[in-house]
There are 2 protein chains.
Amino acid sequence: MTARTSARVMGATIALLIAASAFARGDEGMWLFNNPPRKQLQDKYHFAPDRVWLEHLQRAAARFSSGGSGSFVASTGLVMTNHHVGADALQKLGTQDHDYMKMGFYAKTPAEEIKCVDLELDVLMSIEDVTERVNAAVPPGADAAAAHQTRRAAMNTIEKESLDRTGLRSDVVTLYQGGLYQLYRYKKYTDVRLVFAPEAAIAFFGGDPDNFEYPRYDLDICLFRVYENGQPVKNQDYLRWSAAGAGDGELVLVAGNPGKTDRQDTVAHLEFLRDRLFPSQMRKIYRREIVLRTFSERSAENARRAQDELFMYENARKARLGVLAGLQDPAVMERKRAEERALREAVARDPRLQNECGSAWDEVAASLRVFAAVLKDYDAMEQGAAFNTGMTGLFPIARGLVRMAEETAKPNTERLREYRQSNLDSLKQLLFSTAPLYEDFQTVKLADSLSWFLEIYGADNELVGKVLAGKSPRQRAVELVHGTRLGDVAFRRKLLAGGVRAIEASDDPMIELARLVDPASRQARKIYDEKVEEPQHQAYAKIAKARFAVEGTNLYPDATFTLRLAYGVVKGYTELGRQIPPWTTIGGAYRHSAEHNGREPFGLPPRWLERKQRLDLRTPFNFVCTADIVGGNSGSPVVNRQGEFVGIIFDGNLDSLIWDFVYAADSGRSLAVHSSAIREALRKVYDAQALADELGR
Amino acid sequence: MTARTSARVMGATIALLIAASAFARGDEGMWLFNNPPRKQLQDKYHFAPDRVWLEHLQRAAARFSSGGSGSFVASTGLVMTNHHVGADALQKLGTQDHDYMKMGFYAKTPAEEIKCVDLELDVLMSIEDVTERVNAAVPPGADAAAAHQTRRAAMNTIEKESLDRTGLRSDVVTLYQGGLYQLYRYKKYTDVRLVFAPEAAIAFFGGDPDNFEYPRYDLDICLFRVYENGQPVKNQDYLRWSAAGAGDGELVLVAGNPGKTDRQDTVAHLEFLRDRLFPSQMRKIYRREIVLRTFSERSAENARRAQDELFMYENARKARLGVLAGLQDPAVMERKRAEERALREAVARDPRLQNECGSAWDEVAASLRVFAAVLKDYDAMEQGAAFNTGMTGLFPIARGLVRMAEETAKPNTERLREYRQSNLDSLKQLLFSTAPLYEDFQTVKLADSLSWFLEIYGADNELVGKVLAGKSPRQRAVELVHGTRLGDVAFRRKLLAGGVRAIEASDDPMIELARLVDPASRQARKIYDEKVEEPQHQAYAKIAKARFAVEGTNLYPDATFTLRLAYGVVKGYTELGRQIPPWTTIGGAYRHSAEHNGREPFGLPPRWLERKQRLDLRTPFNFVCTADIVGGNSGSPVVNRQGEFVGIIFDGNLDSLIWDFVYAADSGRSLAVHSSAIREALRKVYDAQALADELGR
């Protein structure tokens with residue numbers, strides 16, 4: 001399949017699928033575990049999972065702090081996720097001599113398992129509704145600033161109380177963009193060890209060209225083991241292994257953490273994403289992808305250092321382009337307009353509802369005008385785009401230390417959300433991370449972003465002048481990266497132990513930079529929190545109320561990177577008149593590679609080439625289903641009615657990308673690795689018989 | 001050398017070299033052939049080339065319409081340029097089965113030489129000053145619109161008269177941004193045939209990572225033969241071959257066509273480039289580079305189709321980043337400010353000069369405010385960024401046909417410059433080009449640029465609505481590319497033959513698009529021509545006058561892609577305390593490849609690997625000199641005092657990139673392929689003994 005064919009298919013089919021599915025939403029939904037789609041499952045599939053079934057799946061699922069999902073697949077603390085979710089850990093463990101990403105890894109014995117750097121796994125133990133308490137904290141008639149502050153205080157307090165009482169990680173989650181607030185309690189694991197990873201060449205076979213495409217042939221898995229007190233966790237909530245995997249047309253269920261969707265956004269909000277936010281993000285992605293690619297191309301070691309981050313930008317670029325294509329399609333937007341019109345008309349017909357909720361759409365629009373005005377500062381300063389050293393680079397560490405000292409000196413109720421008492425341990429894990437920080441790589445990224453900073457604020461801007469201190473962006477980046485001592489974790493610990501006084505007295509150039517930009521950054525954050533987010537929470541709470549009143553409460557909220565249940569069937573689809581079968585086979589991988597003459601990124605690992613004869617080439621490799629997933633679901637287990645593991649989500653096809661704001665399953669599909677391929681590969685390619693046997697036991 | 005090392009060097013050394021060379025400009029200058037640097041050559045090198053020497057070099061030099069320089073290197077019409085200048089021709093000749101770029105080519109006999117598609121070579125025959133006539137046409141006190149129109153009419157008329165009288169291509173060239181107007185007459189060659197090209201792997205060895213770097217090991221050459229009336233041209237003005245090439249410290253001269261420099265720009269103008277124009281161009285480059293890279297990565301054939309265009313963007317990105325780094329360096333801008341201050345103070349001290357020229361700087365600034373306001377429209381519409389199908393793609397063809405019909409119906413004096421009578425033949429060569437237009441590749445580019453168009457003008461813009469016609473950008477691109485018949489050259493000829501009536505009646509979708517956007521596009525062009533360019537010409541004419549008065553007339557104008565003479569010495573330099581020798585050797589290429597384990601783009605062609613033993617590995621390969629060159633000089637011959645060919649310019653190092661607006665030769669260097677490497681490779685790698693013997697004969 002060429003880029004153009006699939007892209008054209010996408011363009012050609014969006015309008016089609018909208019027309020066909022205007023009222024047939026199929027297997028839509030990212031359901032809360034405390035509000036599962038009982039009716040849909042019963043009506044359509046005659047399946048009625050009971051509370052035990054659901055709770056078992058909930059506790060077998062795990063959320064990865066690096067941004068994905070996973071599940072316990074054995075009683076011995078074994079957790080499976082995608083290779084591209086484990087990649088953050090693989091990258092941080094890697095050295096010039098050991099490239100775990102590229103070469104893969106297998107610990108034949110527990111002693112060989114490698115402890116990961118700053119990886120946290122969260123298992124959802126309970127959900128409690130706290131909407132009333134959170135909303136009650138906000139005095140009637142409070143202005144947005146007061147409302148935000150009292151709401152934040154209430155949430156920080158609820159979390160602190162829960163943590164103190166239960167010892168569990170406690171997060172108040174905002175659902176329906178403000179319609180509900182629920183307290184999620186997690187068992188948190190921080191001793192996570194690497195057990196198995198395949199080579200990147202088969203985990204991400206087809207690379208960026210095949211990303212978000214189908215048919216696919218990716219062994220996108222990675223196995224970790226969770227430890228407590230130096231011993232593997234013994235847990236009863238793990239998934240049994242399905243003997244044969246799921247068949248064509250079979251019901252499957254997915255438990256995972258979809259990251260963010262915009263399905264309930266107002267049309268004005270979607271237009272804002274289309275016209276302002278996403279284009280601005282795309283410009284950043286294009287630029288950074290080029291910076292990373294050119295850095296990578298200079299040497300094999302550079303490529304190793306940048307590989308995980310480069311993948312992140314490539315992946316974001318391709319996903320975002322798919323979403324933008326949908327938002328730029330008049331037929332898609334017309335559907336959203338019609339839906340909004342219908343809801344607003346229903347609200348207008350009910351005077352009480354109109355009085356309570358009728359103003360919400362205008363309030364969202366007003367908040368977006370504020371967002372448009374503060375976007376530049378919020379992005380450059382608060383999101384740190386002007387000081388890019390990577391997500392866990394020197395600048396975020398410097399800012400984290402500066403703010404940690406300042407915020408923890410305040411009462412818990414007055415702190416910025418991420419510095420709430422209940423979150424400090426997780427934050428410290430990042431601040432004191434021993435993940436490698438390569439000076440050359442840090443410098444390249446920082447120099448580019450300082451140059452961008454100068455570009456968008458202008459050379460005469462006072463803060464730009466102070467940040468650059470009379471140097472060129474590159475000279476300044478060199479000075480900052482080479483001058484800072486933050487590469488030394490002991491230095492960071494000592495600095496933080498000294499509190500605000502030590503931070504303020506520090507002459508470390510990166511700490512000085514973080515201090516210098518903090519007032520402007522906090523100012524942008526304050527505007528965003530109080531004038532964008534808070535009014536949106538209030539307005540979307542009204543819209544949610546209207547929707548509950550008009551459409552009933554059998555609804556699911558937009559994704560929030562918290563645990564959700566999705567369902568669907570294993571099902572092929574039609575593309576340009578061609579029938580795409582529901583699964584591929586291991587033999588197909590060899591054929592696909594041959595079609596590209598084994599040219600990068602279509603080359604198979606040597607081990608796969610050598611052992612081709614051993615493999616049953618008819619073994620299902622990847623399969624598609626209609627379950628409703630988005631980014632963040634990567635690594636989610638796919639189970640059958642018996643709750644058995646039949647596969648692991650790793651991607652969606654191009655036509656699924658618009659699921660970010662509208663679900664339609666005519667040709668949109670979730671992609672999963674088939675359980676059979678996992679066992680087949682472990683046994684015959686990797687000689688990991690013991691590990692294969694451990695799965696599901 | 002890693003990216004960071006060289007980049008850091010650059011940052012670190014800019015300030016240094018500015019300090020060191022504030023008054024020592026070294027071998028600066030891109031001199032007019034009718035105002036050569038006699039005094040400098042005499043004073044510094046005791047060299048006094050006479051008129052015959054200069055005219056011989058002038059006529060041995062050739063300009064490539066694809067954007068580079070070259071020279072006659074035999075009496076048999078043989079012309080040498082860079083591989084990356086010939087690449088446009090190689091790309092257009094290529095097919096899925098014959099990739100001349102990748103595989104190279106050698107015509108052992110004249111019969112095997114391949115005629116190129118739409119390649120034009122221009123040889124400068126004479127220069128005549130027409131400043132008085134051009135300026136006299138502008139009535140005193142005329143407003144900018146009238147001034148622009150009368151000036152354009154005068155230039156079109158002068159060129160038409162000259163063409164009719166001499167039969168030579170006649171261009172009025174604007175020098176000193178409006179200080180002088182000179183009539184350049186060229187002998188034009190359009191039957192140009194491919195004789196020899198090496199493989200891209202050695203022509204562009206090191207690829208993007210090594211581009212603009214040194215040491216280098218590139219056989220960046222390509223040989224064509226010029227025909228007239230079906231026979232090779234017999235010419236006396238060709239370069240003899242130097243037996244040994246140039247030695248360390250030896251004076252060398254370069255005849256070529258530097259494309260564009262901004263050295264005489266006012267500081268406000270440079271700030272405009274830094275803050276507005278270049279960032280906007282960079283955003284486009286980043287985006288298009290990603291579009292082309294992702295298209296390329298899908299298959300080997302895609303990569304072949306996109307390779308020349310992808311190189312263009314990669315090259316532009318790296319060059320522009322170097323220039324921007326200079327403009328963002330406070331030390332560099334301070335030097336420009338000091339220079340401007342000194343000139344303005346000198347003007348202010350002379351009441352007559354102050355009266356005539358004193359307002360010029362403010363006038364330039366005023367023109368830039370207009371430019372800033374019209375930039376979006378000018379770029380999207382008139383430059384066609386919203387309808388990108390490549391430089392010679394379907395949209396430029398459609399627009400060219402629409403405008404050709406309209407413009408040629410007007411008197412010559414009233415036409416847009418590029419449709420002046422004297423330029424029509426060259427234009428037609430492009431409009432009727434048989435170069436391949438791949439539908440998939442055209443669609444990908446057009447879809448992306450239509451998406452950008454929607455993004456920057458908004459979905460509610462009326463013209464956007466008309467252009468997209470209710471479709472998504474991708475659907476519309478598919479419709480346009482697949483619906484147009486412009487891929488058929490006969491259709492184009494017929495359409496143009498029908499004149500305005502046929503164009504207006506055409507229902508070809510691409511012609512309809514070109515018609516649709518033309519009013520808005522012409523409006524932006526009119527504002528640019530009359531309110532930006534014309535006032536700048538007038539203002540810069542005053543600044544040029546001031547400079548002549550203050551600094552004397554021994555000055556050179558900014559580059560205009562016309563023939564210039566530069567000079568310098570073969571000379572190494574120091575980088576981070578390390579001495580970089582003036583030349584590399586053929587043996588160095590093998591070592592450099594080995595350092596990267598032969599990994600792309602550091603792999604040598606199979607032929608080079610096989611024949612390593614035959615080669616004298618000590619043969620000089622590339623060398624550096626201080627001659628003042630920029631983009632457009634690619635392919636320029638480097639000659640010694642005897643006028644013998646000693647090398648061919650193909651690049652500059654990173655520190656030379658700021659030469660766009662300030663020359664400094666502390667560590668900035670021009671890069672050339674050494675004449676000895678050319679003969680050695682032709683003989684021993686390519687078995688092209690006859691061709692090697694022909695050189696210089």
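## Strands around S9 of chain B

Strand S8 (residues 169–175) and S9 of chain B pair in the antiparallel sense, over seven bridges. The model is a predicted one. Among the pairs of S8(B) and S9(B), B:Thr174 has B:Tyr181 in S9(B) as its bridge partner. The two strands form a hairpin with four residues between them, and in this hairpin B:Tyr176 takes a positive phi near 50°.

S9(B) also has strand S7 of chain B (residues 121–129) as an antiparallel neighbour, joined to S9(B) by eight bridges. Here B:Leu124 is bridged to B:Tyr186 of S9(B). S9(B), which covers residues 180–189, is mostly covered, with eight of its 10 residues buried.

## Overall form of chain A

Chain A contains 26 helices and 21 strands. Its C-alpha trace spans about 65 × 65 × 50 Å along the principal axes. For 697 residues, a compact globule would have a radius of gyration near 26 Å; the value for chain A is 25 Å, so the two agree.

Of the 697 residues in chain A, 54% count as buried. Among contacts in chain A with a separation of 6 or more, 78% come from residues 24 or more positions apart.

## The eight-stranded sheet in chain A

Chain A has an open sheet of eight strands with antiparallel pairing, in the order S1-S14-S13-S19-S20-S21-S18-S17. The edges are taken by strand S1 (31–32) and strand S17 (583–585) of chain A; each has a single partner strand, so one side of each is left without a neighbour in the sheet. Within this sheet, strand S13 (residues 251–256) and strand S14 (residues 564–569) of chain A run antiparallel and are joined by six bridges. One of these pairs A:Leu251 with A:Val569 in S14(A).

Helix H25 of chain A (residues 675–684) packs on the sheet, where it touches strand S18 (620–625), strand S20 (645–652) and strand S21 (670–674) of chain A. The direction of H25(A) makes about 35° with that of S21(A).

## Surroundings of helix H25 in chain A

How many of the 10 residues of H25(A) are buried? Nine of them are, so H25(A) is largely enclosed by the rest of the structure. The buried residues are A:Ser675, A:Ser676, A:Ala677, A:Ile678, A:Arg679, A:Glu680, A:Ala681, A:Leu682 and A:Lys684. Charged side chains are included in that list, with A:Arg679, A:Glu680 and A:Lys684 among the buried residues.

The packing partners of these buried residues include the sheet strands S18, S20 and S21 of chain A. Two helices of chain A, H23 (586–595) and H26 (689–694), also pack against the buried residues of H25(A).

## The sheet in chain B

In chain B, eight strands form an open sheet with antiparallel pairing, ordered S1-S14-S13-S19-S20-S21-S18-S17. Strand S1 (31–32) and strand S17 (583–585) of chain B stand at the edges, and each has a single partner strand, so one side of each lacks a neighbour in the sheet. Strand S19 (residues 637–639) and strand S20 (residues 645–652) of chain B are paired in the antiparallel sense over three bridges. Within that pairing, the bridge partner of B:Val638 in S20(B) is B:Gly647.

Helix H23 of chain B (residues 586–595) packs on this sheet and touches S17 and strand S18 (620–625) of chain B. The direction of H23(B) makes about 75° with that of S17(B).

## Relation of the two chains

A turn of 180° with a shift of 0.0 Å along the axis lays chain B on chain A with an RMSD of 0.0 Å. The two copies are therefore related as by a two-fold rotation axis. In chain B, the C-alpha nearest this axis belongs to B:Tyr286, at 2.9 Å.

## The interface

The contact between the chains takes 45 residues from chain B and 43 residues from chain A. On the chain B side, at least two residues each come from helix H1 (3–21), helix H9 (207–210), helix H10 (267–297), helix H11 (300–327), helix H17 (439–457) and helix H19 (473–483). H10(B) supplies the largest share, 10 residues. By class, this side of chain B has 17 nonpolar, 13 polar and 15 charged residues.

Of the interface residues of chain B, 96% are also interface residues in chain A, so the copies meet through the same surface.

Terms used:
Residues numbered from 1 in each chain as written. Chains lettered and ligands numbered in written order. Predicted model: local features only at pLDDT ≥ 70, side-chain atom pairs only at ≥ 80, totals over all residues. Least-squares fit on C-alpha atoms with pLDDT ≥ 70 in both. Contact = placed C-beta atoms within 7 Å. Buried ≥ 20, exposed ≤ 12 C-beta atoms within 10 Å, placed from the backbone. Pairing = 2+ DSSP bridges. Rg over C-alpha atoms; globule rule 2.2 N^0.38 Å. Axes fitted to C-alpha atoms, helices over the stretch in contact; angles between N-to-C directions.
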